[in-house]
Amino acid sequence: MRLMDEHLGPGRGRPALDVGCGDGALARHLHHELGYRTTGIDISPSAIALAAGHNSGPGPAWRCADIATGDLTALPEPAYAVITCRLVYRWMDDKRAFLNRVRHLLAPGGIFWVVTEITGRRPATGPLQDLGITPAQAELLTAGWSAVHTSDLDVLCCYALRP
Ligand SMILES: C[S@@+](CC[C@H](N)C(=O)[O-])C[C@H]1O[C@@H](n2cnc3c(N)ncnc32)[C@H](O)[C@@H]1O
């Protein structure tokens, strides 16, 4: 979170989209701590119900939709200054198509913040070997941006990507 805050900076009411928001913890942080006007989207109705259950008063907007196939015009904003994607990129079947949709939603000068596990960083004998992305998937993720900043955190890598 601290690393993300340093990269994103204060929101000052600008729009942010948290993709695969789960229980909404990251979206709430963007909204309440950093001051972004945040939307959380998740394909799971139970995740969205959990996230929305935390709202008491003004908070993020929540949408139950598939980021890979859903109608992007149904989102509250046409473009986002920040798009976050924590522990979700791994699960996108068509990563190239997903990245194209993110690019379409990102405002000029915006930032795409991705947190993902990297394959091979867990002990070879341990469980959860399949949670990471491969070098080819990492290369696809970082291709075609004007600026790429990476930070390693144990088994995770954080990417700050600018169009
Ligand atoms: C490992 S959880 C991460 C949740 C949250 N980002 C976090 O860091 O706590 C992955 C989330 O991505 C969501 N997800 C997976 N595929 C999705 C899709 N195509 N569209 C939207 N959400 C998706 C899942 O429902 C799940 O809530």
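Residues 17-112 of this predicted model are 30% helix and 28% strand. The C-alpha atoms at the two ends of this stretch are 10 Å apart. UniProt lists the same residues, 17-112, as "domain: Methyltransferase type", in an unreviewed entry.

A ligand comes next. Around the ligand stand 17 residues. Gly20, Gly22, Ile43, Ser44 and Arg86 come nearest. Two elements give two or more residues to this shell: helix 2 (25-33) and strand 2 (37-42). By class, the shell has 11 nonpolar, 3 polar and 3 charged residues.

Now turn to helix 2. Its buried residues include Leu26, Ala27, Leu30 and His31. These four lie on the same side of helix 2, because they cover an arc of only 130 degrees around the axis. What covers them? Strand 1 (15-19), strand 2, helix 3 (45-53) and strand 4 (80-86) are among the elements over the buried residues of helix 2. Strand 2 therefore appears twice in this account: it helps cover helix 2, and it gives residues to the shell around the ligand.

Past the end of helix 2 comes Gly35. The phi of Gly35 is positive, near 85 degrees.

Another glycine, Gly9, sits in the loop between helix 1 (2-8) and strand 1. Is Gly9 buried or exposed? Gly9 is partly exposed, because 13 other C-beta atoms lie within 10 Å. Along the chain, Gly9 and Gly35 are 26 residues apart. In space, 9.4 Å separates their C-alpha atoms.

Terms used:
Residues are numbered from 1 along each chain as its sequence is written. This is a predicted model: local features need pLDDT of at least 70, side-chain atom pairs count only at pLDDT 80 or more; totals for chains, interfaces and linings use all residues. UniProt positions are given in the numbering used here, feature names are shortened, and annotations may be inferred rather than shown by experiment. A residue is near a molecule or strand if its C-beta atom, placed from the backbone, lies within 6 Å of it. Ala, Val, Leu, Ile, Met, Phe, Trp, Tyr, Cys and Pro count as nonpolar, Asp, Glu, Lys and Arg as charged, and the others, Gly among them, as polar. A residue is buried if 20 or more other C-beta atoms lie within 10 Å of its own, exposed if 12 or fewer, and partly exposed in between; C-beta atoms are placed from the backbone. The arc is that of the directions from the helix axis to the C-beta atoms. Two residues are in contact if their C-beta atoms, placed from the backbone, lie within 7 Å.
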